[in-house]
Amino acid sequence: MSEEEKCVSVCFRPPLELRDAVLLTHGVLREFPGRVPTRFEPWFPSASDARRPIRPLKPAPAISPEAPPDAPDRLGPAGRFRRSWCVITDRRAPRRITCCFSRLFLRTVEKRGLHPRQRVRWVVCEGNRGPRSMEELWLDLNRAIRRSRLPTCNANYQRALPQIWLYCDFFCSEYIGRFLKRELQLSGPITLTAYKLGDIAQL
């Protein structure tokens with residue numbers, strides 16, 4: 001099709017006649033300005049431009065060996081950054097869900113009005129780690145989540161606190177809390193929190 005040829009498809013329904021549809025289409029198309037597209041002309045560098053190297057206008061930023069002023073605040077005891085790490089469940093692995101509520105958790109549901117799918121968070125701190133370090137506890141929790149032993153879970157290790165935050169759906173939170181206490185041999189009570197509600201249970 002040449003540049004001068006234009007094609008417009010018009011769809012209409014009775015009782016509108018074909019002649020009326022064509023007239024209405026012509027009236028609508030008059031409002032659009034007609035423009036002939038410019039002819040494409042490829043650009044080739046001249047002989048002088050072809051010999052010039054392509055360089056950025058600004059020099060690359062200099063990298064200083066000194067740390068930024070706020071870096072000591074983010075460094076750990078061994079000079080490492082106190083980063084937070086996250087792990088999620090492998091969705092390809094089958095989920096093993098055996099969830100039931102005790103009377104305490106049933107009362108919590110009634111009192112707080114929590115939805116079964118609401119996200120809640122178990123907080124594991126240094127007082128819960130027992131004889132192991134937080135790093136070892138984090139590695140064990142990683143393996144459990146990746147093997148789908150903790151359904152609906154994702155975890156975040158806040159090294160600066162230090163705490164491990166384990167997020168899950170409320171309907172299996174008690175099952176997950178008991179798994180943490182039993183399998184990871186946590187000491188002391190762990191706290192279950194919810195957004196805008198704060199602490200809602202301890203186990």
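**Reading the aromatic pair and the nonpolar core**

Me: Let's start with Tyr 157: is it buried or exposed, and how do I tell?

Reply: Keep in mind that this is a predicted model. You look at relative accessible area, and anything under 20% counts as buried. Tyr 157 comes out at 3%, so it's buried. Trp 138 is buried too, with a relative accessible area of 6%.

Me: How many aromatic pairs does a search of the whole structure find?

Reply: Just one turns up. The partners are Trp 138 and Tyr 157, with ring centres 5.4 Å apart. For the geometry, check the angle between planes: under 30 degrees is stacked and over 60 is edge-to-face. Here the planes sit at 35 degrees, so call the pair tilted.

Me: Which parts does that pair tie together?

Reply: Trp 138 belongs to helix 5 (residues 134-146) and Tyr 157 to strand 3 (residues 154-158), so the pair links parts that are 19 residues apart in sequence.

Me: Where does the charged end of Arg 121 sit?

Reply: Over the ring of Trp 165, at 4.2 Å from the ring's centre.

Me: And how should I read the largest nonpolar core?

Reply: Think of buried nonpolar residues joined through their side chains. The largest such set has 30 residues, and those with the most contacts inside it include Trp 122, Leu 141 and Ile 176. Among the elements giving two or more residues are strand 2 (119-125), strand 4 (163-169) and helix 6 (173-183). Helix 5 gives the most, with six residues.

Me: What is Ile 176 in contact with, leaving aside neighbours within four places in sequence?

Reply: Its contacts include Trp 122, Leu 150, Pro 151, Leu 166 and Cys 168.

Terms used: Residues numbered from 1 in each chain as written. Predicted model: local features only at pLDDT ≥ 70, side-chain atom pairs only at ≥ 80, totals over all residues. Heavy atoms only, no water. Phe/Tyr/Trp six-rings, centres within 6.5 Å; stacked < 30°, edge-to-face > 60°. Helix = DSSP H or I, 4+ residues; strand = E, 2+ residues; numbered from the N terminus. Buried < 20%, exposed > 50% of the residue type's maximum accessible area, 1.4 Å probe, protein only. Lys NZ or Arg CZ within 6 Å of the ring centre and 35° of its normal. Core = buried A, V, L, I, M, F, W, Y, C linked by side-chain atoms within 4.5 Å. Contact = heavy atoms within 4.5 Å.
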